[in-house]
Amino acid sequence: QVQLVESGGGLVQPGGSLRLSCAASGGTFSSYAMGWLRQAPGKERDVVAAISWSGSSTYYANSLKGRFTIARDNAKNTMYLQMNSLKPEDTAVYYCAASRNKYGTTFHYWGKGTLVTVSS
């Protein structure tokens, strides 16, 4: 079973940038579709972005297109989320997730999350 550990969260001012990382172990990282989800206080957990097993296909929530970029490095068993032009409404716990499928946004394994706070 794959273990996922997020890092890179923190406090950032509006308009700033952060890069989240997700390190995977215990599974065959290159065979999983991967994704980032987020959950703001009092709200449901939503998919932010997803990437196919090879990295050739990506998905973004409509509201985030152009500001967030998902990427993966299968040689390093690591996935990334580059977040630019951050807004206060991006404040949430961000979760890394893995899917047993090669494509899609249905996930089976989860990290514990990293908090991103966008505030002046």
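Which strand gives the most to the lining of the largest pocket? In this predicted model, that element is strand E5, spanning residues 45-51, which gives three residues to the lining. The pocket itself has a volume of about 210 Å³, and among the 13 residues that line the pocket, those closest to its centre are Arg38, Ala40, Lys43, Asp46 and Glu89. When the lining is sorted by class, six residues are nonpolar, five are charged and two are polar.

The protein chain that holds this pocket has 11 strands and zero helices, and its elements accordingly run from the N terminus on as β-β-β-β-β-β-β-β-β-β-β. The radius of gyration of the protein chain is 13 Å, close to the 14 Å that the globule rule gives for 120 residues, so the chain is as compact as a globular protein of that length. Along its principal axes, the C-alpha trace of the protein chain spans about 40 × 25 × 25 Å, and buried residues, defined as those under 20% relative accessible area, make up 42% of the 120 residues.

Four of the strands form an open sheet, in which the order is E1-E3-E8-E7 and the pairing is antiparallel. The edges of this sheet are strand E1 (3-7) and strand E7 (68-73), each of which pairs on one side only, and from one strand to the next the twist averages 15°. Strand E7 is joined to strand E8 (residues 78-83) in the antiparallel sense over six bridges, and within this pairing Ala71 has Tyr80 in E8 as its bridge partner.

Key: Residues are numbered from 1 along each chain as its sequence is written. This is a predicted model: local features need pLDDT of at least 70, side-chain atom pairs count only at pLDDT 80 or more; totals for chains, interfaces and linings use all residues. Side-chain values use heavy atoms; hydrogens and water are left out. Two strands pair if DSSP finds at least two bridges between them. Helices (H or I, at least four residues) and strands (E, at least two) are DSSP runs, numbered from the N terminus. Axes are lines fitted to C-alpha atoms, for helices over the stretch in contact, and angles run from 0 to 180 degrees between N-to-C directions. On a 1 Å grid over the protein atoms alone, a cavity is a set of points where a 1.4 Å probe fits but cannot get out, and a pocket is an open set with protein on both sides within 12 Å along at least five of seven lines; lining residues have an atom within 4 Å of a point. Grid points are joined across faces, edges and corners, and a volume is the space filled by probe spheres set on the points. Ala, Val, Leu, Ile, Met, Phe, Trp, Tyr, Cys and Pro count as nonpolar, Asp, Glu, Lys and Arg as charged, and the others, Gly among them, as polar. The radius of gyration is taken over C-alpha atoms; the globule rule is 2.2 Å times the number of residues to the power 0.38. Buried means under 20% relative accessible area, exposed over 50%, partly exposed in between (1.4 Å probe, protein chains only).
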